[in-house]
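Please open the structure in a viewer and keep a selection tool at hand. The tour proceeds from one selection to the next, with a short account of what is found at each stop.

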Amino acid sequence: MKEKILELIKKYKRIIIARHIGGDPDALGSTFALKEIIKENFSDKEVYVAGTSISRFKFFGTHTKITDEMCEDALLIALDIPDIKRLDGVDYYKFKESVKIDHHPEIDKYSEFQIIDIDASSTCELIADFCYDCNLKMPKHAAESLFMGIIADTNRFLFGANKPSTYEVVLKLIKQEKINPNVLYEKLYKRSMSEVKLEGFISLNMKVNKNGLGYVKITDSDLKNYGVDSASVGSIMNNYNFIDGLMCWVVFTEDVKNNVIRTSARSRGIKINKLFEQYNGGGHVYACGAKLKSFSEADEIIDKLDELCKEYKEDE
């Protein structure tokens, strides 16, 4: 399949790369790295990354606003996204052909040319594999982006890095491309004092019930008090992974600008992705997100997650 995808890349003059709404380091790292890899090896190509810019991760690259005219006779490469509805910045149906590369459980089968490996640590790992297996040149900044995506999606190898091949890819990025992990860790994990204080607010206000479900609601007023935006919660969620007695945790954050309740959830052993798919969200089996219409939907999710936690404890 990798050779078929490479032939498609060679076939098209214009290539548009897209990822899921609310791009994280894996989504951003894989899209911008693939753009740079294609440009390095095929300098005549027009390559664009679609989606909304995310200020805290602007070091990955610059997004382009995609028009309908740009989609004509262009190849769509969708990365790190299992479902069409969450593509950011493009309309899937405007393209004649598409490629899908992802490590999430499949929701929509929207391309006959796809690489899906749910055992891979990240989409960045899959893009690195694609580059090396196809004997393509790897620009240094692309290697740095891929490394940061792998590090972020595994939370510094604390989870999701279960295969030797993940570490082999990381070794190649460090050894062959001569990237500096210490510099990249600082770039990825540097946080403002406002975000640190927000984490303290979450810890103090998280309610944890007898079934091991933790939850907290953050209002627009709370965000203003700490001088942060609704996207800041994403970088905090993984910090609760090793708290004794906490089996599943979810944070609901009011986003007044977009009139939604941003929702981010994690679990240890409890499969939560199917629940979040019911709320126009999704993600990994144990790490999900959604954008809700109101806090009343948040209450519904709390009740359903509590039931999942209860069933999980009873089955242990």
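Which residue's side chain meets that of Arg-19 in a salt bridge? The model on display is a predicted one. Select Arg-19 together with Asp-88: their side chains form the salt bridge in question, with an N to O distance of 2.9 Å. Next, display the segments that carry the two residues. Arg-19 belongs to the loop between strand E1 (14-18) and helix H2 (25-41), while Asp-88 belongs to the loop between strand E3 (74-79) and strand E4 (97-102), so the pair ties together parts that are 69 residues apart in sequence. Is each partner buried or exposed? Arg-19 has a relative accessible area of 0% and is buried. Asp-88, at 10% relative accessibility, also counts as buried, because the limit for that class is under 20%.

**Further salt bridges**

The model contains 18 salt bridges. Select Lys-100 and Glu-106 as the next example: the closest N and O atoms of this salt bridge are 3.8 Å apart. Lys-100 is buried, with a relative accessible area of 0%, whereas Glu-106 is partly exposed at 36% relative accessibility.

Move on to Arg-191 and Glu-199, whose salt bridge has its closest N and O atoms 2.8 Å apart. Arg-191 counts as partly exposed, at 30% relative accessibility. Glu-199, by contrast, is buried, with a relative accessible area of 18%. Now add Arg-56 and Glu-195 to the selection: salt bridges with shared partners join Arg-56, Arg-191, Glu-195 and Glu-199 into one network.

**The nonpolar cores**

Clear the selection and turn to the nonpolar side chains. Which residues have the most contacts inside the largest nonpolar core? Select Ile-9, Ile-17, Ile-38, Ile-77, Met-138 and Leu-173, which hold that position in a core of 51 residues. Then highlight helix H5 (residues 140-153), which supplies the largest share of this core, namely eight residues.

Centre the view on Met-138 and show its surroundings. Leaving aside neighbours within four places in sequence, Met-138 is in contact with Ile-37, Ala-128, Cys-131, Tyr-132, Ala-143, Leu-146, Leu-173 and Glu-177. One of these partners, Leu-173, is itself named among the core residues with the most contacts.

For the last stop, select Leu-213, Ile-270, Phe-276 and Leu-292. These residues are among the 20 that make up another core, which lies apart from the one just visited.

Conventions:
Residues numbered from 1 in each chain as written. Predicted model: local features only at pLDDT ≥ 70, side-chain atom pairs only at ≥ 80, totals over all residues. Heavy atoms only, no water. Core = buried A, V, L, I, M, F, W, Y, C linked by side-chain atoms within 4.5 Å. Buried < 20%, exposed > 50% of the residue type's maximum accessible area, 1.4 Å probe, protein only. Helix = DSSP H or I, 4+ residues; strand = E, 2+ residues; numbered from the N terminus. Contact = heavy atoms within 4.5 Å. Salt bridge = Lys/Arg side-chain N within 4 Å of Asp/Glu carboxyl O.
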